[in-house]
Structure formats: C-alpha cells, structure tokens
Amino acid sequence: TPKYNIASIPADGIGIEVVAATIKVIEHLAQTLKTFEIEFTHFPWGSDYYKKEGRYLPDDVLDVLRKYDACLFGAVGAPDIPDHISLWGLLLALRGPMQLYANVRPVRPFPGTRVRFAESKPSDIDWVLVRENSEGEYAGQGGRSHLNQPWETATEVAIFTRIGIERIMRFAFETARSRPRKLLTVVTKSNSMRNGMVLWDEIAREVAADYPDVQWDKMLVDAMTVRMVVKPESLDTIVGTNLHMDILSDLAAALAGSIGVAPSSNLDPTRKNPSIFEPVHGSAFDITGKGIANPVATIWSAAEMLRWVGEASAADTLMTALEEVCRKGVLTPDLGGTATTESVATAVCKEIEVIAATK
Ligand code: NAD
Ligand code: IPM
Ligand code: MN
C-alpha cells in the first residue's frame, strides 16, 4: 500500500481545532479502507511559536517541507499580533516562495447549507475559482516613507509577469476543459488598471487560442460581483488575480452557503514543492476554544489533498461520508445546528465505516 507523509501546520485559533478533527477523520479513513497509509508530522509554527522564537518559521522551512507529500494547514492570526505580521510571517511566506501558484477554491452548496438568495436554486452555483497565488498585490513590493509626516506615503505595488499570468491562465483553461460545461470567465479590471490588467486580457486571448473547445468570456471585477449574485448559473470556472479572487472567493462562499465549509488548495502544478491544503476561513478569535468551529472546510480540503496525492477513490469515500453527515443534520452552530467540532468528526468516522461496509 502507498504511504503518504503529510506535514501538519495547525497554527492558530480554530485552525488547531479543525486540523485535529480532520487528522482524526483521515487516520480513521486510512485504517478503515486499508488501501493507503498516511502519517502526519506536527509542526508547531504559529503565533505562540512566534512569541517564543521571535519568528513564525525556521530558516530552513522550505527544505523541511520538501520532504513531505503535502501540507495540511489550519489558520494563522492572533488577537495580539498585527495581522500583516502573522500572515506574512507564515502563510504568505510559504505560498509565494514555494511557488504554489494555483489556488483552487471549489464552491457549491453543501448539504446543510442554503443558498443565500431565495431566487437562486442550489444547482445555480457550481463554480471553481482559480486564484493566481504568487504575485499581484501579494508580491510584497512597496513600502512607506516620510513616516508620520503629513506627506507620509505608502505604496502597494502589484507585480504581474508574463510567466505568472500565462501559467495560471493555462491552469484555468485546463480546469474549465475538465468540467462538463467547459466554461471559463476571466476576471480583470482592465478599464482603470492599464498595465497588469491589460496584460492579463492579452494573455487570456493568446492562451484561449489553444483551447478552442473552451467557451470563455471576460468580466471586470466590479461587474463580476453583480453577476455572481444575479446570474450565478451563467458561471462555471473563474480565474483572476490574487487580490480579486481573494475577495470573490469569500463572496462565493457566502452565496453558496457558508465560509465554514469552503475549502482551498494551494497547488504547485509542477509538483516540485508540496502543495498546501487549507480552509478558506481564518483563525476566528470569536469562537476559539469553544469547540464549535465547523471542521467541514478543512475535511473537504483534506479530501482535495488525497485527490492530489493520487487517492481519488478514498477522497470520494470521504466526501460521500461528509455530505451524508451534513445531510443528516449533524451541523455546527454556524449552520444552525448544535453539533461540536468533535461530534462532526466522530459522525464522519462512523459514516466512513458504513460506506466501507457496503462496498
Ligand atoms: P475568520 O474567517 O477567522 O472569521 C470570520 C467569521 O466567520 C467569524 O465570525 C468566525 O467565527 C466565522 N468562522 C470562520 N470559520 C469558521 C468555522 N470553521 N466555523 C464556524 N465559524 C467560522 O476571519 P477574520 O475574523 O477576518 O480573521 C480572523 C483572523 O484570521 C485574522 O488574524 C486574519 O488575518 C486571519 N485569517 C487567516 C486566514 C488563513 O490563515 N488562511 C484566512 C483568513 C483570515
Ligand atoms: C485567504 C486569506 C489570506 C489571503 C490572508 C489571511 C493573508 O484571506 O487565504 O483567503 O489574503 O490570501
Ligand atoms: Mn481571503
């Protein structure tokens, strides 16, 4: 049986709670199916580590992580540390430098959630958001000068490269091609942003020539927010910049149901570096320690991780179990239920056994 070594980085807040629940489920899945083995290695990187060590990550972090097949990440962010310090210290210090350039965020109504608008049918929303994950406003360029002067100046410089745009565009066209509707929408803001966004439009047209079977269109990001709300059924695969898709993916998660179920994969499609799988949500200070964080987003992310390492059938079993548990109403308070993080995980483990027994 194949064995996978996974780096676990729960980090902060509810990240710690949902990753613990997810590891329990995945280990149970492996023990029940017996078709693969999996071992999680825990890394303590997070805000407590930062307070002790003065940094979020060791210097050799990239060499350490390269020994693993994939990483499972929770969330980073603590109430007593500025968010830009924690995020640039940990998560953003991995996504960019490891060239995990494709951030994939599937969005569909999950059992137990409901679409946000009465006029939308659940089937209207079945999207894959493809987020460029290595450049744009997240390239880390810019700075501050003339501190505390009236003319103090701060710049955020968005960096877009031909290589960076082309690789994410090809990834998005491939994703669209792999789905039944073969439909891609390219999101930019090439009316007011006349450099990077215009290059995005140009490269979209160039790459599209290689995918005559994919039907594609362009949207300005402001108009896109309206289309997602008003005509959700007209969308399928969506690609855009790091910042635009950060914003649109939260909107999409809320439209489809809840941020508590939204998964994400930070992929290195070249497979030189291990990909990172994590929920879309953050460390949620308001519910930390209460044991009520919804683990569905992280369990779904782990299913995507299994698919990525080559265990598609195990991933399917896990998703069937997860959906069945939610359909039966085992839901955390964010979805109107009374279940705990722990009880959802336990229910998923039991459901896995039921499915395995009928196979
Ligand atoms: P958040 O996602 O942590 O929380 C937003 C709201 O959603 C809160 O009311 C929270 O209780 C709720 N929520 C989120 N996940 C939930 C879950 N699994 N189950 C039930 N409810 C859930 O976003 P925020 O409040 O803007 O950020 C809190 C901290 O997390 C900040 O430090 C922020 O920078 C950080 N953050 C980290 C990541 C990440 O590590 N990937 C992502 C987003 C935010
Ligand atoms: C996300 C988060 C991160 C991002 C933050 C916490 C740095 O919002 O993964 O969507 O902006 O990418
Ligand atoms: Mn976000």
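Which strands does helix α8 lie across, and at about what angle does the helix run to β9? In this predicted model, helix α8, formed by residues 221-230, lies across β8, β9 and β10 and runs at about 115° to β9. Helix α7 also packs here: α7 lies across β8 and β9, with a direction at about 160° to β8.

It helps to turn next to the sheet itself. Ten strands build an open sheet with mixed pairing, in the order β2-β1-β3-β12-β11-β4-β5-β10-β8-β9. At its edges are β2 (37-42) and β9 (215-220), each of which pairs on one side only. Neighbouring strands of this sheet are turned against each other by 25° on average, direction ignored. Strands of a sheet pair through backbone hydrogen bonds, in either a parallel or an antiparallel manner. Here, β4 and β11 (residues 263-267) run antiparallel and are joined by three bridges; V104 has S265 in β11 as its bridge partner.

Helix α6 offers a neat check on geometry. With 16 residues (162-177) at 1.5 Å a residue, α6 should span 22 Å, and the end C-alpha atoms are indeed 22 Å apart, so the two values agree. The buried residues of α6 are G164, I165, R167, I168, M169, A172, F173, T175 and A176. Their cover includes the strands β4 (102-107), β5 (127-132), β8 (183-188) and β10 (237-240), along with helix α7 (196-208).

Finally, there is the surroundings of ligand 2, where the residues are L87, L91, L92, D246, V280 and G282. By class, this shell comprises four nonpolar residues, one polar residue and one charged residue.

How values were computed: Residues numbered from 1 in each chain as written. Chains lettered and ligands numbered in written order. Predicted model: local features only at pLDDT ≥ 70, side-chain atom pairs only at ≥ 80, totals over all residues. Near = placed C-beta within 6 Å. Nonpolar A, V, L, I, M, F, W, Y, C, P; charged D, E, K, R; others polar. Helix = DSSP H or I, 4+ residues; strand = E, 2+ residues; numbered from the N terminus. Expected span 1.5 Å × (residues − 1). Buried ≥ 20, exposed ≤ 12 C-beta atoms within 10 Å, placed from the backbone. Contact = placed C-beta atoms within 7 Å. Pairing = 2+ DSSP bridges. Axes fitted to C-alpha atoms, helices over the stretch in contact; angles between N-to-C directions.
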